[in-house]
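Work through the exercises below with the sequence and the model open. Each task is followed by its solution in steps.

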Amino acid sequence: MSKNTPERREARKQRAAEALRQKQAEERRRRLVTIGAVVAAVVVIVGGLTWWQSTRDTTGEAADVVPSVAAGAEADGTPGEIDGYGIVIGQADAPTTVTIYEDLQCPACANLEAQLGEPLAAAVDAGDVRLDYRMISFLDRASTNEYSSRALNAALAVLDTAGVDAFRAFHDDLYANQPEEGGPGFEDDELIDRAVAAGATESEIRPQVEDKVYEQWIENATDEMSQAGYNSTPTILIDGEDADAQQLAELLQ
């Protein structure tokens, strides 16, 4: 039988201390890897926006065509209006305003919509939240056919011709069926078919989609986001204050 001598007790303490040091070192390495991955993701996003800023050549030009909310649509559906570059949806006297900057090609935005889109829509419908969508486009490079800006142009055409509820349905459909990055996004005919399914009329939106009539407005909306100091999507604000998805989830509980 071994004896519990002072020497053995000291050896056990040293082994325990060494095990603790190794565990703490491993935890530090794990945190560094996680932080590195997050930083890399942010660099990719910011890099995309930086690229967009460096290659566009129409900053500051006024848009010849500005989207609106289809006349008469509000009477029978969800209230909505264009306020600057915001697509504002919901009751004007709602106690809380949620602002979300989104790109229709952004996977993180699609994830946000998948997680919180339904409770957010319910809060809007209940009059608890006024939703200020700031739709932008800086991810055209993520597809082979400039899907980001063409999809947003189509969404604005739906808003302009069919109103808020059709826009919401089209917006939700595009996020639920978001094309993978690196390949072709929906072509114009597919966007039009989905817009018609959301409530738009083909003869009204086809010219707007095929002529990409809101291209300059989209560039200016994206520039406005940058000027506001934001450089990634989704960016969330609650009553004008920076927030994150967790805070939005808590608001919607």
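**Exercise 1.** In this predicted model, decide whether Arg134 is buried or exposed, then do the same for Asp132, and state how their side chains meet.

Solution. Step one: the relative accessible area of Arg134 is 16%. Buried means under 20%, so Arg134 is buried. Step two: Asp132 has a relative accessibility of 8% and therefore also falls in the buried class. Step three: the two side chains, Arg134 and Asp132, form a salt bridge with an N to O distance of 3.0 Å. A salt bridge requires a distance within 4 Å.

**Exercise 2.** Place Asp132 in the sheet by finding its bridge partner, and describe the sheet around it.

Solution. Step one: Asp132 lies in β4 and is the bridge partner of Val88. Step two: strand β2 (residues 86–89) and strand β4 (residues 129–136) run antiparallel and are joined by 3 bridges. Step three: the open sheet has 6 strands, ordered β1-β2-β4-β3-β5-β6, with mixed pairing. At its edges are β1 (80–83) and β6 (241–243), each of which pairs on one side only. From one strand to the next, the twist averages 25°.

**Exercise 3.** Which strands does helix α3 lie across, and which does helix α8 touch?

Solution. Step one: helix α3 (residues 107–125) lies across β2, β3 (96–103), β4 and β5 (235–238), and its direction is at about 150° to β3. Step two: helix α8 (residues 215–227) packs on the sheet and touches β3, β4 and β5. The angle between the directions of α8 and β4 is about 110°.

**Exercise 4.** Explain the sequence spacing of the salt-bridge pair Arg194 and Glu190, and of the pair Glu210 and Arg206.

Solution. Step one: Arg194 and Glu190 meet at 2.8 Å, N to O. Both are in helix α6 (residues 188–198), and because they are 4 residues apart, about one helical turn separates them. Glu190 is partly exposed, at 30% relative accessible area. Step two: for Glu210 and Arg206 the N to O distance is 2.6 Å. These residues are 4 apart in helix α7 (residues 202–210), which means a separation of about one helical turn. Glu210 is partly exposed at 43%, and Arg206 is partly exposed at 21%.

**Exercise 5.** Which residues are linked with Arg206 in a network of salt bridges, and how many salt bridges does the structure hold?

Solution. Step one: Arg206 is linked with Asp189, Glu202 and Glu210 in a network. Step two: the count for the structure is 12 salt bridges.

Notes
Residues are numbered from 1 along each chain as its sequence is written. This is a predicted model: local features need pLDDT of at least 70, side-chain atom pairs count only at pLDDT 80 or more; totals for chains, interfaces and linings use all residues. Side-chain values use heavy atoms; hydrogens and water are left out. Buried means under 20% relative accessible area, exposed over 50%, partly exposed in between (1.4 Å probe, protein chains only). Helices (H or I, at least four residues) and strands (E, at least two) are DSSP runs, numbered from the N terminus. Two strands pair if DSSP finds at least two bridges between them. Axes are lines fitted to C-alpha atoms, for helices over the stretch in contact, and angles run from 0 to 180 degrees between N-to-C directions. Contact means heavy atoms within 4.5 Å.
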